[in-house]
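Reader: Hey, got a minute to go through this one with me? I'd like to start with the pockets.

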Amino acid sequence: KNLDGLTQLDLAGSLVGKATRWLASVNTQYNPAFGLVNFTRDTLGGAVNLGSTELRGKSLKVLAGSIPAIWGVARELSTNGASGKWSALYRQFVEDGGQTGYMDNFRDPNERALAIEKEIKALGRAKLSPSRAAHFALDLLEGFNTTLENAVRVSAYSAALDQGVSREEAARLGRELT
């Protein structure tokens with residue numbers, strides 16, 4: 001019944017899948033240029049898309065909030081439980097289901113921050129190896145792109161909450177904005 005052929009096909013598919021995921025990651029989450037282009041596209045696209053939401057006419061407020069949101073998201077990703085309005089809003093945005101992305105379905109920002117802190121401490125205690133340095137650099141790039149990707153969304157989430165929109169609906173609005 002040629003069951004061995006199926007096993008070999010599964011193995012080949014697994015290897016191709018890993019290679020495909022690696023190429024996708026290198027071209028997106030591990031690419032700083034992608035983050036900057038994506039931020040520009042999300043900012044401009046988000047401003048246009050606001051016209052069809054409860055935030056019609058609030059584009060300037062959302063765009064102005066994007067800059068402090070960048071700092072708040074970055075602080076939240078780099079520390080465990082950062083303080084400040086925008087860090088708390090990002091944390092709440094994630095809890096309410098506002099953040100998208102394959103990797104983010106499986107990790108929350110506090111777990112990521114703990115892992116980064118652990119790596120930094122390990123780098124301080126042990127000799128720097130190429131593998132450790134590469135993982136640290138990739139984690140930083142992933143955090144950079146996550147920060148830029150979510151800044152406009154968190155700002156829209158904040159503006160929606162200020163309008164009296166429910167947390168769940170505000171998270172949906174932010175998630176689907178870009």
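Reader: Which element gives the largest share of the lining of the second largest pocket?
Author: That's H6, with 7 residues. Keep in mind this is a predicted model.

Reader: Which other elements give two or more residues to that lining?
Author: Besides H6, helix H3 (59-78) and helix H5 (109-125) do.

Reader: And how much space lies in there?
Author: About 260 Å³. The pocket is lined by 14 residues, and Ala 74, Ser 78, Leu 140, Gly 143 and Phe 144 lie nearest its centre.

Reader: What's the lining like by class?
Author: It has 10 nonpolar, 3 polar and 1 charged residues.

Reader: Switching topic: Thr 147, buried or exposed, and why?
Author: Thr 147 counts as buried because its relative accessible area is 7%, and the cut-off for buried is under 20%. Thr 147 sits in helix H6.

Reader: What does Thr 147 touch, leaving out residues up to four places away in sequence?
Author: Ile 70, Val 73, Ala 74 and Leu 77. Ala 74 has also come up among the residues nearest the pocket centre.

Reader: OK, aromatics now. How many aromatic pairs does the structure hold?
Author: Just 1. Phe 93 and Tyr 157 pair up edge-to-face, at 5.3 Å centre to centre and 65° between the planes.

Reader: Where do those two sit in the chain?
Author: Phe 93 is in helix H4 (residues 85-95) and Tyr 157 is in helix H6 (residues 130-162). They're 64 residues apart, so the pair links distant parts of the chain.

Reader: Are they buried or exposed?
Author: Both Phe 93 and Tyr 157 are buried.

Technical notes:
Residues numbered from 1 in each chain as written. Predicted model: local features only at pLDDT ≥ 70, side-chain atom pairs only at ≥ 80, totals over all residues. Heavy atoms only, no water. Phe/Tyr/Trp six-rings, centres within 6.5 Å; stacked < 30°, edge-to-face > 60°. Helix = DSSP H or I, 4+ residues; strand = E, 2+ residues; numbered from the N terminus. Buried < 20%, exposed > 50% of the residue type's maximum accessible area, 1.4 Å probe, protein only. Contact = heavy atoms within 4.5 Å. 1 Å grid on protein atoms, 1.4 Å probe; cavity = no way out; pocket = protein on both sides within 12 Å on 5 of 7 lines; lining within 4 Å. Points joined across faces, edges and corners; volume = space filled by probe spheres on them. Nonpolar A, V, L, I, M, F, W, Y, C, P; charged D, E, K, R; others polar.
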